[in-house]
Amino acid sequence: MKYSDLVKSGADSTEKRSYLADGETVAVAFRIPKNLRAAAKEEAELRGMSFSAFARNCMIQELAKVEKED
């Protein structure tokens, strides 16, 4: 199953979060401005987590949002 299958099936936020948190880990490298990294690292420390955990959490929150119908 792919993430897009979950979206198409109308999965709720909990189902999406579960899917996104499962699976093997892979290394990812990307470039961001130094100031953005520093600010995110500080925020992660304030929350008691690593920069990587903070980045994963942000991505999961964004991807698990449920679309609201007007």
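In this predicted model, five nonpolar residues, V26, V28, F30, I32 and L36, come together as a patch on the surface. Their accessible area adds up to about 510 Å².

V28 is a good member of this patch to look at. You will find V28 in the loop that runs between helix 2 and helix 3 (34-46). Its relative accessibility is 63%, and because the cut-off for exposed is over 50%, V28 counts as exposed.

V28 also leads us to the largest pocket, since V28 is among the residues that lie nearest the centre of that pocket, together with V26, S52, R56 and M59. In total, 20 residues line the largest pocket, and its volume is about 740 Å³. Which elements give two or more residues to the lining? They are helix 2 and helix 4 (51-63). Helix 4 gives the most, with seven residues.

Helix 2 spans residues 13-21, and K16 has its place there. Is K16 buried or exposed? With a relative accessibility of 6%, K16 falls under the 20% cut-off and therefore counts as buried. The side chain of K16 has a polar atom that lies 3.2 Å from the backbone oxygen of K65.

Here are the two residues side by side:

| Residue | Place | Relative accessibility | Class |
|---|---|---|---|
| K16 | helix 2 (residues 13-21) | 6% | buried |
| V28 | loop between helix 2 and helix 3 (34-46) | 63% | exposed |

Terms used. Residues are numbered from 1 along each chain as its sequence is written. This is a predicted model: local features need pLDDT of at least 70, side-chain atom pairs count only at pLDDT 80 or more; totals for chains, interfaces and linings use all residues. Side-chain values use heavy atoms; hydrogens and water are left out. Helices (H or I, at least four residues) and strands (E, at least two) are DSSP runs, numbered from the N terminus. Buried means under 20% relative accessible area, exposed over 50%, partly exposed in between (1.4 Å probe, protein chains only). A polar contact is a pair of N or O atoms within 3.5 Å; within protein, one must be able to donate a hydrogen and the other to accept it, and residues adjacent in sequence count only if both atoms are side-chain atoms. Patches are made of residues with over 30% relative accessible area and no salt bridge: like charges are joined within 9 Å, nonpolar side chains (Val, Leu, Ile, Met, Phe, Trp, Tyr) within 5 Å. Accessible areas come from the Shrake-Rupley method with a 1.4 Å probe; for residues, only the protein chains shown count as cover. A salt bridge is a side-chain nitrogen of Lys or Arg within 4 Å of a carboxyl oxygen of Asp or Glu. On a 1 Å grid over the protein atoms alone, a cavity is a set of points where a 1.4 Å probe fits but cannot get out, and a pocket is an open set with protein on both sides within 12 Å along at least five of seven lines; lining residues have an atom within 4 Å of a point. Grid points are joined across faces, edges and corners, and a volume is the space filled by probe spheres set on the points.
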